[in-house]
Each structure stands twice: as structure tokens, then as C-alpha cells.
Amino acid sequence: MSTEATTFKSVLPNKAQTTTNPGTIPVGNKKPDWLRVKLPVGKKYTELRGLVDKYKLNTICTSGSCPNMGECWGDGTATFMILGNICTRSCGFCGVKTGKPETVEWDEPEKVARSIKIMSIEHAVLTSVDRDDLKDGGSIIWAETIAAVRRANPNTTMETLIPDFQGDTKNIDRLIAAAPEVISHNIETVRRLTREVRIQAQYDRSLEVLRYIKSQGQRRTKSGIMLGLGEKKEEVFESLRDLANANVDVVTLGQYLQPSKKHLPVKEYITPELFKEYEVYAKSLGFKHVESSALVRSSYHAKKHVN
């Protein structure tokens, strides 16, 4: 599952934890000021919130308590999750339930397209749980959802934040053929921590998925990294280089926050200065867009990443 679905209702680890990484501060009982979130406000946000409640629309923005919801909705951007809310994988960072997923709802593409139309969304981000239980990995529903959104909302642009589909190019090809403006797949963390953070995923497989998508003519590709899990600065630099070498166009870096006591603890808080250093370094590698700050999540400023 992607970081897009990670909740912001963070449970802070024991304040006795310390860090030796420069550019970070130890985790304590009080969050740094830069992680304090203002409540969403504004006419556009109020209107969309009313529509979501009235029609019982399912957005990751609301279910994940995203701190950027007001800003994104005000800009006409929202994120929707397809293929249910139970994931076949058990990543240590993700708040989505793990287990046996429910039966595929074949009318879901039309429901998502309707939600986007009701909300008058200008840029939609679509994501999903991992469906390793399905032979197609859910790629058929993915492609049909993109097509349904296009039919109902011809002026809406789309980003698809996809699983790795276990590296199966036949399933990935369905997404490429559907031609969303942006295809995104998050590596989530640095190479050394991948086995702990993304138990059923593989660092190099994710890179190969991104490289393959770009090689098949996809105009915009994107990936994201969570920070604060104990990674070293040089490891982050290495991951940024790996993404650049995979010809990724857009990269996002944000602070990891623990969804519950059952999930991996936050090891440290990344300072705004270090986020800025990562941004400068990423831009030096040639990425077309870089988002790097504590509250950044995959869909943050997503509308800008189309061009």
C-alpha cells in the first residue's frame, strides 16, 4: 500500500528514543512546530466536505486525515482508493488493514467517476491496496476506472499511484495503455530499510517498475520517500540517485508518522533545513518537480506535476 493511505493520527513513540543523525531531532512527547497542522478552511473545502458527507464518497483525503486536505481540495485535487480497503500486504508503516480482501466490485469504476464528477475535481489521484490475490493484480479495474473517469470527466487530469503488480509487465501495460497523465509508484524508503518497512516488496523491483513504465513512453513518472525511519543522509541521496537513474520525473519526500502502536515507530523528526537540503540535491539530479517538507504526501501539489 502507498503512503497516500497512511493516517496522520500519529501515536508518538517513547521519548527516550534518541538519534545520532545530523539534521534531525529526537522523538519526544511533543511534535515540532513544523508538524502542527491548521484545520482546513475555505469555501471550496466546505463545499466539497458537504458533498463527501452527503453522498458518502470515499476519499483518502478524509479517511487518511491528510493535513493537506484543505489546500488540495481548494486547488481542485482529491485522492480516491480503489479495490477495497483490505490489503494483501502487511507493510510496517501503513494504516490500511491486512487480510483477505473482499470480492472485486466491478461497478467501482463508475462509482469513482461519479464521485469525481459530483466533486468537480480538476485533478484526481487514484490509488489502491495491493491485490496479490488477483491474477491481474487489480490492473483490469485500474484500467477500467481510468477509462470511466475519462468518459464522465473529460477535462479531469489523473495521477495513478500504483502497486508494483509484483513486477508483472502484462499488468503494468494495462495502466500504461490507459494513459493517465502521471503514473506514480513509491519506493517509500531507502534500500537498507526496505525489508523492514515494506515486507513483501523489493527495492530493486520498484525501481524496475518505474524504469519500465518510463521506457514504454509514459510522459510523467513519480515516486515518494518517507523519512524519519532511521535512514542516513547518504542513503537518501543514494535513493534519489537511483530514482533519477530510473528516469523518474517527480519525487516527493515527507515525514513518516506512526499510524498506531502496532506500526513502526518514528525514529526521528527531520528538520526543515534537512528537507531543504534534500530538495536542493534532488533538483541537482534533474527531477522536473521536487516536493520536500514534513507534511508532504504523495498527492501534495499533484496538479502541478502533470506538466
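Which residues is Val-251 in contact with, leaving aside its neighbours within four places in sequence? I started from this residue in the predicted model and listed Ser-223, Leu-240, Leu-243, Ala-282, Phe-287, His-289, Val-290 and Glu-291 as its contacts beyond that range.

**Entry 1: the cores**

I then looked up the largest nonpolar core, which has 35 residues. Val-251 is among the members that touch the most others, together with Leu-227, Leu-240, Leu-243, Leu-253 and Phe-287. I checked which elements supply at least two residues each to this core, and found α8 (203-215), β8 (221-227), α9 (233-245), β9 (250-255), β10 (268-270) and α10 (272-284). I also noted a second, separate core of 34 residues, which includes Phe-80, Val-96, Ile-116 and Ile-183. In soluble globular proteins, nonpolar side chains tend to be buried together.

**Entry 2: strand β9**

I went through β9 residue by residue and found 6 of its 6 residues buried, so I entered the strand as mostly covered, buried being under 20% relative accessible area. Val-250, Thr-252 and Gly-254 point one way from β9. Val-251, Leu-253 and Gln-255 point the other way. In a regular strand the side chains alternate between the two faces of the sheet.

I looked up the partners of β9 next. β8 pairs with β9 in the parallel sense over 6 bridges, and Gly-224 has Thr-252 as its bridge partner in β9. On pairing with β11, I counted 4 bridges, again in the parallel sense. Leu-253 stands opposite Ser-292 in β11. I recorded β8, α9 and β9 as a right-handed β-α-β unit.

**Entry 3: the whole sheet**

In what order do the 7 strands of the open sheet stand? I read the order as β2-β5-β6-β7-β8-β9-β11, with parallel pairing. β2 and β11 (289-292) are at the edges with a single partner strand each, so one side of each has no neighbour in the sheet. I noted an average twist of 20° from one strand to the next.

Starting from the β2 edge, I found 6 bridges joining β2 to β5, which run parallel. Met-81 stands opposite Thr-127 in β5. β5 and β6 also run parallel and are joined by 5 bridges, and I found Val-125 opposite Glu-159 in β6. From β6 to β7 (residues 182-184) I counted 3 bridges, also parallel, with Glu-159 standing opposite Val-182 in β7.

For β6 I also checked burial. 4 of its 5 residues are buried, so the strand is largely enclosed by the rest of the structure. I entered two right-handed β-α-β units that use this strand: β5, α5 and β6 make one, and β6, α6 and β7 make another.

**Entry 4: helices against the sheet**

I looked at helix α5 (residues 139-152), which has 14 residues. From its first C-alpha to its last, α5 reaches 20 Å, close to the 20 Å expected at 1.5 Å a residue. Its buried residues are Ser-139, Ile-141, Trp-142, Ala-143, Thr-145, Ile-146, Ala-148 and Val-149. I found these residues packing against β2 (77-82), α4 (108-119), β5 (123-128), β6 (157-161) and α6 (169-178).

I took two other helices for their direction. α8 lies across β7 and β8 and runs at about 160° to β8. α10 lies across β8, β9 and β11, and I noted an angle of about 170° to β11.

**Entry 5: positive phi**

Most residues other than glycine have a negative phi, and most peptide bonds are trans. I therefore looked up two residues with a positive phi that are not glycine, Glu-188 and Asn-247, against that general tendency.

Glu-188 has a phi of about 70° and sits in the loop between β7 and α7 (194-197). Is Glu-188 buried or exposed? At 2% relative accessibility, I count Glu-188 as buried.

Asn-247 has a phi of about 65°, and I placed it in the loop between α9 and β9. With 44% relative accessibility, Asn-247 counts as partly exposed.

Definitions and conventions:
Residues are numbered from 1 along each chain as its sequence is written. This is a predicted model: local features need pLDDT of at least 70, side-chain atom pairs count only at pLDDT 80 or more; totals for chains, interfaces and linings use all residues. Side-chain values use heavy atoms; hydrogens and water are left out. The expected span of a helix is 1.5 Å times one less than its number of residues. Buried means under 20% relative accessible area, exposed over 50%, partly exposed in between (1.4 Å probe, protein chains only). Contact means heavy atoms within 4.5 Å. A nonpolar core is a set of buried Ala, Val, Leu, Ile, Met, Phe, Trp, Tyr and Cys residues joined through side-chain atoms within 4.5 Å. Two strands pair if DSSP finds at least two bridges between them. A crossover is right-handed if, with the strands pointing away from the viewer, the path from the first strand over the helix to the second runs clockwise. Axes are lines fitted to C-alpha atoms, for helices over the stretch in contact, and angles run from 0 to 180 degrees between N-to-C directions.
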